Amino acid sequence: EIGERESGNDAPFPLPFDFRLPHPVPRPVKFLAYIDGAARGNPGPAGAGVYVEPEGDRPAEELFEPLGNQTNNVAEYSALILALTRAGELGADDVEIRSDSRLLVEQVNGNFKVKAAHLKPFVLDAVQRAKKFKIFRLKHVPREQNKKADRMANLGADASERPDIGP
């Protein structure tokens, strides 16, 4: 009948509704960040800092968070959680975070035991967040390679000393 066509291998020509476009494979969203924590006095006015490298059309990001009076280790973990939160907000699949805190890197990677009871909730939170990503890497870098995150952490510590200059 008119208006009806049969699809199949015996069709004399390709029919418009028979061809299929391949489904585009979405590219993984990559996220590379450097993190640092700062505490003046340990404990003292503290801040968390994150520098997110640019990726594709996404510009670099500089993030900091004032933490009030905290220890340096709490500030380091707060920076990690700040970076993981941002990676999640951006829909990242492939996440790499770099830190100059060997303790944090080794604890989160499961190589060092977490002895300080007040840090255990931070480690658990970080590990649970990291597991949500298809690929997650946490690497140690020398301090010299972490200057941008260090600057952000110090802005956070500044803001803890002077709440009127917050992020």
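Helices, taken as DSSP runs of H or I with at least four residues, and strands, taken as runs of E with at least two, are numbered here from the N terminus. On that basis the chain holds four helices and five strands, and along the sequence they follow the pattern β-β-β-α-β-α-α-β-α. The structure is a predicted model, in which local features need pLDDT of at least 70 and side-chain atom pairs count only at pLDDT 80 or more, while totals for chains, interfaces and linings use all residues. Residues are numbered from 1 along each chain as its sequence is written, and side-chain values use heavy atoms, with hydrogens and water left out.

Some totals for the chain come before the details. A residue is called buried under 20% relative accessible area, exposed over 50%, and partly exposed in between, with a 1.4 Å probe and protein chains only; by this scale 38% of the 167 residues are buried. The chain exposes about 10,300 Å², of which carbon and sulfur atoms supply 52%, the areas coming from the Shrake-Rupley method with a 1.4 Å probe. If contact means heavy atoms within 4.5 Å, then, among contacts with a separation of 6 or more, 70% are between residues 24 or more positions apart.

Strand β4, residues 94-99, is a good place to begin, being mostly covered, with five of its six residues buried. Two strands are said to pair if DSSP finds at least two bridges between them. Strand β1, residues 30-39, pairs with β4 in the parallel sense over six bridges, and Leu32 has Glu96 of β4 as its bridge partner. Strand β5, residues 135-140, also runs parallel to β4 and is joined to it by six bridges, with Asp94 standing opposite Ile135 of β5. Ile97 has contacts that include Ala33, Ile35, Leu80, Phe136 and Leu138, once residues up to four places away in sequence are set aside.

Ile97 leads on to the largest nonpolar core, a core being a set of buried Ala, Val, Leu, Ile, Met, Phe, Trp, Tyr and Cys residues joined through side-chain atoms within 4.5 Å. Of the 32 residues in this core, Ile35, Val50, Leu80, Ile97 and Leu104 touch the most other members. The elements that give two or more residues to it are β1, β2 (44-52), β3 (61-70), α1, β4, α2 and α3, and the largest share, ten residues, comes from α1.

Helix α1 is itself mostly covered, with 13 of its 18 residues buried. The expected span of a helix is 1.5 Å times one less than its number of residues; for α1 this gives 26 Å, which agrees with the 26 Å between its end C-alpha atoms. The helix is followed by Gly91, whose phi is positive, near 70°.

One aromatic pair is found in a search of the whole structure. The ring centres of Tyr77 and Phe122 are 6.4 Å apart and their planes stand at 35°, so the pair is tilted; rings of Phe, Tyr and Trp (its six-membered ring) pair if their centres lie within 6.5 Å, and planes under 30 degrees apart count as stacked, over 60 as edge-to-face and the rest as tilted. Because Tyr77 lies in α1 (residues 72-89) and Phe122 in α3 (residues 120-130), the pair ties together parts that are 45 residues apart in sequence. Tyr77 is buried, at 1% relative accessible area, whereas Phe122, at 22%, is partly exposed.

Tyr77 also appears among the contacts of Gln107, together with Phe112, Lys113, Val114 and Val123, when neighbours within four places in sequence are left aside. Gln107 belongs to helix α2, residues 102-108, and is buried at 7% relative accessibility.

Tyr34, in strand β1, is likewise buried, at 11% relative accessibility. Outside its neighbours within four places in sequence, Tyr34 has contacts that include Val50, Tyr51, Arg98, Val141 and Ala149.

The loop between β1 and β2 calls for a closer look at the backbone. Most residues other than glycine have a negative phi, and most peptide bonds are trans. Asn42, which is placed in this loop, has a positive phi near 40°, and a cis peptide bond with omega of about 10° joins Asn42 to Pro43. Asn42 is partly exposed, at 46% relative accessibility.
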